[in-house]
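Me: I have a model open and would like to learn how to read its features one by one. Could you take me through it?

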Amino acid sequence: MLLLKLFFAFIQVGLFSVGGGYAAIPLIQEQIVNIYGLMTMEEFTDLITVAEMTPGPISINSSTFVGMRLSGIGGVLLCTLGCILPSFIICLILAHFYYKYRTVGGVQTVLSALRPAVVALIGSAGASILMLGLFESDIFSASLENMRVIELVIFIVALFILRKFKASAISIILGSGVIGTFLYFTFGII
């Protein structure tokens, strides 16, 4: 029964995640954390962190890790297939129609109208992860008493380095990981 739930949850993620992997994160969260309650928000955030650091598309990595965490190899296969299958079928159909009707003005209008929704989905995913990282809660129950100061400092320094020095995201992720590991093992914090 769990495998069937996972498959249908990731079919929905694959169907409605317009805009790429980061747009799929809030959909995966909604299905796995909020609707089915199969993971806590903290477990989900840890999973997304690992999925971001692993080579490959984040939506596929996330579905694979959720499947492995909840149901082993069977979960991996069904979650990944559920995530890929709708996109594959939709891409085949859209490619056929796009090549047939690409010169029609209405097609360009529809595509440009989808862009703000994609930005909103990506922003929602980023805000959820930021709030959990800094407050260990969602955006509606965050308070200054719960603020994690060390994580805030790491975030601000990383953001500054990214913007000012145009450092690569990989070096920021690795550097933050090294700093967090050092602080955890040396002082028992984070």
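The dialogue below goes from the overall fold to single residues.

Me: Before we start, what kind of model is this, and how are residues numbered?

Reply: This is a predicted model, in which local features need pLDDT of at least 70 and side-chain atom pairs count only at pLDDT 80 or more, while totals for chains, interfaces and linings use all residues. Residues are numbered from 1 along each chain as its sequence is written, and side-chain values use heavy atoms, with hydrogens and water left out.

Me: How many helices and strands does the protein chain have?

Reply: Helices (H or I, at least four residues) and strands (E, at least two) are DSSP runs, numbered from the N terminus. Here the protein chain has seven helices and zero strands, so its order from the N terminus reads α-α-α-α-α-α-α. Along the principal axes, the C-alpha atoms fill a box of roughly 60 × 45 × 30 Å.

Me: What share of the residues is buried?

Reply: Buried means under 20% relative accessible area, exposed means over 50%, and partly exposed is in between (1.4 Å probe, protein chains only). In this chain of 190 residues, buried ones make up 28%. Accessible areas come from the Shrake-Rupley method with a 1.4 Å probe, and for residues only the protein chains shown count as cover. The protein chain exposes about 11,800 Å², of which carbon and sulfur atoms supply 73%.

Me: Which residues form a nonpolar patch on the surface?

Reply: Patches are made of residues with over 30% relative accessible area and no salt bridge; like charges are joined within 9 Å, and nonpolar side chains (Val, Leu, Ile, Met, Phe, Trp, Tyr) within 5 Å. The nonpolar patch here consists of L81, I84, L85, F88, I89, L92, I93, F97, Y101 and V104, with about 890 Å² of accessible area together. Take I93 as one member: this residue lies in helix α4 (residues 58-101) and is partly exposed at 44%.

Me: And how many salt bridges does the search find?

Reply: A salt bridge is a side-chain nitrogen of Lys or Arg within 4 Å of a carboxyl oxygen of Asp or Glu. The whole structure yields two salt bridges. One joins E43 to R69, with the closest N and O atoms 2.3 Å apart. This pair links distant parts of the chain, as E43 is in helix α3 (residues 41-53) and R69 is in helix α4, 26 residues apart. E43 is partly exposed at 28%, and R69 is partly exposed at 45%. There is also a bridge between E151 and R148, at 2.9 Å between the closest N and O atoms. In that pair E151 is buried at 17%, whereas R148 is partly exposed at 23%.

Me: Why is there no disulfide involving C79?

Reply: A disulfide is a pair of cysteine sulfur atoms within 2.5 Å. The cysteine sulfur closest to that of C79 is in C83, 8.9 Å away, so the two are too far apart for a bond. The structure holds zero disulfides. As for their surroundings, C79 is buried at 0% and C83 is buried at 4%.

Me: How do I read the aromatic pairs?

Reply: Rings of Phe, Tyr and Trp (its six-membered ring) pair if their centres lie within 6.5 Å; planes under 30 degrees apart count as stacked, over 60 as edge-to-face and the rest as tilted. By this rule there are six aromatic pairs. In one of them, the rings of F182 and F187 have centres 6.2 Å apart and planes at 85°, so the pair is edge-to-face. Y184 and F185 form another edge-to-face pair, at 5.2 Å centre to centre and 75° between the planes. F187 is exposed at 54%, F185 is exposed at 66%, and Y184 is partly exposed at 45%.

Me: What is notable about the phi of K166?

Reply: Most residues other than glycine have a negative phi. K166 has a positive phi of about 55° although it is not a glycine. This residue lies in the loop between α6 (149-165) and α7 (169-187), and K166 is exposed at 63%.

Me: Last one: which residues does L38 contact beyond its sequence neighbours?

Reply: Contact means heavy atoms within 4.5 Å. Leaving aside neighbours within four places in sequence, L38 touches L2, L6, I32 and L70. L38 is found in the loop between α2 (21-35) and α3, and is partly exposed at 23%.
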